[in-house]
Amino acid sequence: MIPGNRMLMVILFCQVLLGGSHHASLIPETGRKKVAEIQGQAGGRRSGQSHELLRDFEATLLQMFGLRRRPQPGKAAVVPAYMLDLYRLQSGEGAEDFQEEIGLEYPERSASRANTVRSFHHEEHLEKIPGTPESSNFRFLFNLNSIPENELISSAELRLFREQIDQYTNWEDGFHRINIYEVMKPLARKGQMITRLLDTRLVHQNVTRWESFDVSPAVLRWTQNEQVNHGLAVQVTHLNETKTLQGKHVRISRSLLPQRDADWSQLRPLLVTFSHDGRGHALTRRAKRSPKQQRRHKKNKNCRRHSLYVDFSDVGWNDWIVAPPGYQAFYCHGDCPFPLADHLNSTNHAIVQTLVNSVNSSIPKACCVPTELSAISMLYLDEYDKVVLKNYQEMVVEGCGCR
């Protein structure tokens with residue numbers, strides 16, 4: 001049974017975001033009748049028409065968010081800390097102090113060409129490479145089938161967590177090299193993989209941290225050129241030895257540190273893609289904005305911006321929308337009287353239309369509509385339990401005017 005206030009919230013949400021710019025009133029007369037009908041049914045059994053209305057509204061909103069169906073996150077779904085940190089930096093939530101606290105550098109270059117960031121955990125049953133020594137080489141397969149065909153990937157990175165170790169006393173003996181390969185063919189005749197080097201890094205054992213590697217060429221081959229995805233291979237070697245190091249400083253296998261297995265969900269390798277769906281602007285890191293001051297006049301009925309907070313828990317979406325819990329959408333409402341004042345932000349056409357209306361009532365007045373809109377960033381779980389950070393355009397009313 002769906003509470004009446006949830007249904008009302010869906011109607012308000014749809015009206016403001018999808019059709020609010022075409023009406024001077026928040027809910028047209030037909031909408032008011034429907035709301036009254038739904039509220040009257042709140043304590044009883046829902047009519048088929050009400051259920052159908054909710055389904056239609058939800059389908060419209062999901063389409064706006066680029067989702068084919070409502071996500072139903074499983075209990076095993078994990079939101080990587082990196083994606084939460086990226087969201088906080090992207091949305092400007094205490095960005096400066098927070099960035100210093102977590103030590104994360106915002107990926108300006110990658111984000112500037114993308115409006116969507118997606119994260120993928122690897123398929124664990126393909127961790128170890130057959131025919132290689134224990135804990136020397138690892139192959140990871142990432143299922144990227146959930147990436148929509150209309151998204152153009154601009155870059156991709158593989159993030160690996162490595163832990164500090166104190167195995168060597170001399171500083172010179174503490175260097176290791178991490179090589180990342182694209183697997184072209186999993187196994188050849190002699191049990192060796194055919195690979196090509198994607199990225200490499202020289203690291204020292206004296207620090208615990210995440211390392212990021214550029215794997216864009218491989219991901220572009222898999223997604224845009226439709227080449228077979230055989231995964232990525234990771235090799236850790238000691239700089240002063242020919243043999244492969246038993247690299248427990250790089251957390252790439254569950255079996256390396258079983259005593260801390262509870263941390264594995266947040267420390268396992270992560271593939272992150274940056275893409276653009278061709279709609280709206282790319283991700284731009286925003287500073288924390290202070291709310292705009294509203295012009296307030298007693299009994300002022302003229303066109304202006306009004307508060308409308310959309311709480312995702314009210315529409316039952318808080319189980320798959322990770323952040324934000326809601327946002328201030330605002331809406332425009334009010335009169336456009338003759339003569340139009342300068343603060344009503346009117347176009348020349350609206351001025352002429354209002355002038356004609358003053359002498360001919362058959363010509364409608366100009367309407368109070370949004371004249372400036374801004375985007376919000378949303379972090380959510382998609383239909384496949386993959387975590388997505390996406391920039392949605394025209395979600396917040398920044399200014400109103402008579403048009």
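The following paragraphs describe the fold elements, nonpolar cores, selected helices and a surface patch of a predicted model. Local features were taken at pLDDT of at least 70 and side-chain atom pairs only at pLDDT 80 or more, whereas totals for chains, interfaces and linings use all residues. Residues are numbered from 1 along each chain as its sequence is written, and side-chain values use heavy atoms, with hydrogens and water left out.

The chain contains nine helices and 16 strands, assigned as DSSP runs (helices, H or I, at least four residues; strands, E, at least two) and numbered from the N terminus. Of its 403 residues, 47% are buried, that is, under 20% relative accessible area, with exposed set at over 50% and partly exposed in between (1.4 Å probe, protein chains only). Contacts are defined by heavy atoms within 4.5 Å; among those between residues at least 6 apart in sequence, 71% join residues at least 24 apart.

The largest nonpolar core (buried Ala, Val, Leu, Ile, Met, Phe, Trp, Tyr and Cys residues joined through side-chain atoms within 4.5 Å) comprises 31 residues. Those touching the most other members are Phe65, Phe312, Trp317, Trp320, Tyr327, Met378 and Tyr380. Two or more residues each are supplied by helix 3 (48-64), strand 15 (368-381) and strand 16 (387-402), and strand 16 gives the most, with seven. Beyond its neighbours within four places in sequence, tyrosine 380 is in contact with ten residues, including Phe65, Trp320, Ile321, Val388 and Tyr392. A second, separate core of 23 residues includes Phe120, Phe138, Ile180 and Val236.

In helix 7 (residues 216-223), the buried residues are Ser216, Ala218, Val219 and Trp222. These lie on the same side of helix 7, because they cover an arc of only 165 degrees around the axis, taken from the directions from the helix axis to the C-beta atoms. They pack against six strands, among them strand 3 (152-162), strand 5 (194-204) and strand 9 (270-276). Helix 4 (residues 81-91) is mostly covered, eight of its eleven residues being buried; Tyr82, Asp85 and Gln90 are among them. Glycine 92, which follows helix 4, has a positive phi near 75 degrees.

Val352, Val356, Val359 and Ile363 make a nonpolar surface patch of about 330 Å². Valine 356, in helix 9 (residues 348-359), counts as partly exposed at 33% relative accessibility.

Definitions and conventions:
Patches are made of residues with over 30% relative accessible area and no salt bridge: like charges are joined within 9 Å, nonpolar side chains (Val, Leu, Ile, Met, Phe, Trp, Tyr) within 5 Å. Accessible areas come from the Shrake-Rupley method with a 1.4 Å probe; for residues, only the protein chains shown count as cover. A salt bridge is a side-chain nitrogen of Lys or Arg within 4 Å of a carboxyl oxygen of Asp or Glu.
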